[in-house]
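Visitor: Please take one part of this model and go through it closely: the annotated binding site and the strands and loops around it. I would like placement, exposure and contacts, residue by residue.

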Amino acid sequence: MGKVTVLDHPLIKHKLTYIRDKNTGSKEFRELVSELAMLMAYEVTRDLELEEIEIETPIKKMMSPVISGKKLGIVPILRAGLGMVEGMLALLPAAKVGHVGLYRDPETLQAVEYYCKMPQDISERKLIVVDPMLATGVSAIAAINSVKQRGGTNIKLVCLVSVQEGIDAVQEAHPDVDIYVASIDEKLNDHAYIEPGLGDAGDRLFGTK
């Protein structure tokens, strides 16, 4: 079973408080989501392999560690996941970005894919699927399905706010995927919104209703 990690660094908790606040406007909300994604990327990539190379400091030559060249990919779930991409790229500028577009069928409540574009070398990359919310888990499961169908095998899921129901659903469907979240909230309400949550992340990012 993939591990579940709650990233509880004080800076993450601090910024999460302000994205929850209903009085935070779209500009500040976008900035905070991007900053949170960057902070989370720091932890999510903690297991990257290193190798030693020879460099020369102003004083002498030495062997020093660098990332071993493992390729990375970031896959936002459209549209809210886009808000997390810039922050991750700030730390991982060489990562390629794929996209998965999903909408929920109003009758079946299942996720329907309307767009998917992945790097050609997806099978060679460590992939980070991002979405601010992990509620029922339906969208995350569908997005990971799409990534796997196109050859992705090394996948992590990164979300800001989650509930245990969504985590359990993803773990059941994809037990090989590690999950990273900034918070596990109380519950889903009758409309499948996370409580206390932060509202509709896409609407708050882009100023829509």
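Guide: Helices (H or I, at least four residues) and strands (E, at least two) are DSSP runs, numbered from the N terminus. In those terms, tyrosine 193 sits in the loop between strand E12 (187-188) and E13. The model is a predicted one, and the annotations below come from an unreviewed UniProt entry.

That entry gives residues 6-208 as "domain: Phosphoribosyltransferase". The span is 32% helix and 33% strand, and its end C-alpha atoms are 29 Å apart.

Within the record there is a "binding site" feature at Ile194, Gly199, Asp200 and Ala201. Ile194, Gly199, Asp200 and Ala201 are included in the lining of the largest pocket. UniProt also lists, as "binding site", Arg79, Arg104, Asp131, Pro132, Met133, Leu134, Ala135, Thr136, Gly137, Val138, Ser139 and Asp200. From that list, the lining of the largest pocket includes Arg79, Arg104, Asp131, Met133, Leu134, Ala135, Thr136, Gly137, Val138, Ser139 and Asp200. Asp200 therefore appears in both annotations and is a reasonable place to begin.

Aspartate 200 belongs to the loop between strand E13 (194-195) and helix H6 (201-206). Its relative accessible area is 28%, so aspartate 200 is partly exposed, the buried class being under 20% and the exposed class over 50%. With neighbours within four places in sequence set aside, aspartate 200 has contacts with Arg79 and Tyr193. Arg79 is itself one of the listed binding-site residues. The aspartate 200 side chain also reaches the backbone nitrogen of aspartate 203 at 2.9 Å.

Next along the chain is alanine 201, a residue of helix H6. Alanine 201 has 4% relative accessibility and therefore counts as buried. Residues up to four places away in sequence not counted, alanine 201 touches Phe29, Ala80, Pro132 and Met133. Pro132 and Met133 are among the residues of the second annotation.

Back to tyrosine 193, the contact partner of aspartate 200. Tyrosine 193 counts as partly exposed because its relative accessibility is 40%. Leaving aside neighbours within four places in sequence, tyrosine 193 is in contact with Lys187, Leu188, Gly199 and Asp200. Its C-alpha atom and that of leucine 134 are separated by 9.8 Å, although the two residues are 59 residues apart along the chain.

Leucine 134 is placed in strand E9 (residues 133-134). It has a relative accessible area of 1%, so it is buried. Setting residues up to four places away aside, leucine 134 touches a list of residues that includes Leu157, Cys159, Val161, Val163, Ile167, Val170, Ile179 and Ile194. Ile194 brings the picture back to the first annotation.

Alanine 135 lies in the loop between E9 and helix H4 (138-149). At 17% relative accessibility, alanine 135 is buried too, because that class is defined as under 20%. Outside four places in sequence, alanine 135 contacts Val163, Glu165, Gly166, Leu188, Ala192 and Ile194. Ile194 is thus in contact with both leucine 134 and alanine 135.

The remaining part of the surroundings is a set of paired strands. Strand E4 (residues 71-78) has 7 of its 8 residues buried. E4 pairs with strand E8 (residues 125-130) in the parallel sense over 6 bridges, and proline 76 stands opposite valine 130 in E8. E4 also runs parallel to strand E5 (residues 96-97), joined by 2 bridges; there, isoleucine 74 is opposite valine 97. Strand E6 (residues 99-104) is parallel to E4 as well, again through 2 bridges, with leucine 78 opposite glycine 101. E4, helix H3 (residues 85-91) and E5 form a right-handed β-α-β unit.

Lysine 126 is one residue of strand E8. It is buried, since its relative accessible area is 10% and the buried class lies under 20%. With neighbours within four places in sequence left aside, lysine 126 has contacts that include Asp47, Leu48, Glu49 and Asn154. Lys71, Leu72 and Gly73 are also among its contacts, and those positions fall within E4.

Terms used: Residues numbered from 1 in each chain as written. Predicted model: local features only at pLDDT ≥ 70, side-chain atom pairs only at ≥ 80, totals over all residues. Heavy atoms only, no water. UniProt positions renumbered as here; feature names shortened; annotations may be inferred. 1 Å grid on protein atoms, 1.4 Å probe; cavity = no way out; pocket = protein on both sides within 12 Å on 5 of 7 lines; lining within 4 Å. Buried < 20%, exposed > 50% of the residue type's maximum accessible area, 1.4 Å probe, protein only. Contact = heavy atoms within 4.5 Å. Polar contact = N/O pair within 3.5 Å; in protein donor to acceptor, adjacent residues only side chain to side chain. Pairing = 2+ DSSP bridges. Right-handed = clockwise from strand over helix to strand, strands pointing away.
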